[in-house]
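This briefing introduces a protein structure to a reader who has not met it before. Please look over the sequence and the model below before turning to the points that follow.

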Amino acid sequence: MPFKIVHLYVAIAVCCFAYVALCADCPRIKLKRQWGGKLSKNIDFRPVPIKYVIIHHTVTPECDTFLKCAELLQNMQHYGINTLGLDDIAYNFLIGNDGLVYEGTGWHVAGSHTYDYNRNGTGIAFIGDFSAKLPSSKALDAAKHLLKCGVENGALDANYELYAGSQVISTQSPGLILYNEIQEWDHWSPNP
């Protein structure tokens, strides 16, 4: 019996090591509970891997510290639920100028970010208004690592297509400067 337990511990250790190795390029992600987010009113699971990624900006003040970002996220979630009638914060992930990724609805739950792309697209929003400037280099790097991590973990299709919100719905999101930046990224597609 002790021999089987040792094998079980070794198997668990190998799985944990493989998971960490697989996720080695994943950025730091603050879970919803860590930034003070509320549980979703309704959870709409979606199949993975996801085919589309839609980039947005929040058109809120920017944040470069965890406390400031958490406060903005809590306010966005409250506004989305209580004013817009959403089930949760609109985006799957949000990224602050502090270089941290903040979990919204995450990889496996549909968001409310882009009409016709909520179930088959991951909405990633940069916290701030990026019409006239870029997010920080830390934020841009975090987004690229998040995308790579999503592919490595099987949450994103290896051949996913990347769009700006303005390419698929009537919006100016993610702002002209950020839109020009993402056109240089892997997987960006000019034709939705």
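Two strands are said to pair if DSSP finds at least two bridges between them. In this predicted model, strand 2 (residues 50-57) and strand 5 meet that condition, running in the parallel sense over six bridges. The points below set out the overall make-up, then strand 5 and its partners, and then the disulfides.

**Overall make-up**

- The protein contains five helices and six strands, and their order from the N terminus is α-β-β-α-β-β-β-α-β-α-α.
- Of the 192 residues in the protein, 44% are buried.
- The accessible surface amounts to about 10200 Å², and carbon and sulfur atoms contribute 58% of that area.
- Among contacts with a separation of 6 or more, 75% are between residues 24 or more positions apart.

**Strand 5 and its partners**

- Strand 5 spans residues 121-126 and is mostly covered, with six of its six residues buried.
- Gly-121, Gly-123 and Ala-125 point one way from this strand, while Thr-122, Ile-124 and Phe-126 point the other way; residues on both sides are buried.
- In the pairing of strand 2 with strand 5, His-57 has Phe-126 as its bridge partner.
- Strand 3 (residues 93-95) also pairs with strand 5 in the parallel sense, here over three bridges.
- Phe-93 has Ile-124 of strand 5 as its bridge partner.

**Disulfides**

- The protein has two disulfides, and with the bonded cysteines numbered in sequence order the pairing is 1-4, 2-3.
- One disulfide is formed by Cys-26 and Cys-149, whose sulfur atoms are 1.9 Å apart.
- Cys-26 is in the loop between helix 1 (2-22) and strand 1 (29-30), and Cys-149 is in helix 3 (residues 137-152), so this link ties together parts that are 123 residues apart in sequence.
- The torsion about the S-S bond of Cys-26 and Cys-149 is about 80°, and the disulfide is therefore right-handed.
- Cys-26 counts as partly exposed because its relative accessibility is 22%, whereas Cys-149, with a relative accessible area of 3%, is buried.
- The other disulfide joins Cys-63 to Cys-69, with an S to S distance of 2.0 Å.
- The link of Cys-63 and Cys-69 is right-handed, with 95° about the S-S bond.
- Cys-63 is buried at 2% relative accessibility, and Cys-69 is buried with a relative accessible area of 0%.

How values were computed:
Residues numbered from 1 in each chain as written. Predicted model: local features only at pLDDT ≥ 70, side-chain atom pairs only at ≥ 80, totals over all residues. Heavy atoms only, no water. Helix = DSSP H or I, 4+ residues; strand = E, 2+ residues; numbered from the N terminus. Buried < 20%, exposed > 50% of the residue type's maximum accessible area, 1.4 Å probe, protein only. Contact = heavy atoms within 4.5 Å. Areas by Shrake-Rupley, 256 points an atom, 1.4 Å probe, with all protein chains shown as cover. Disulfide = S-S within 2.5 Å.
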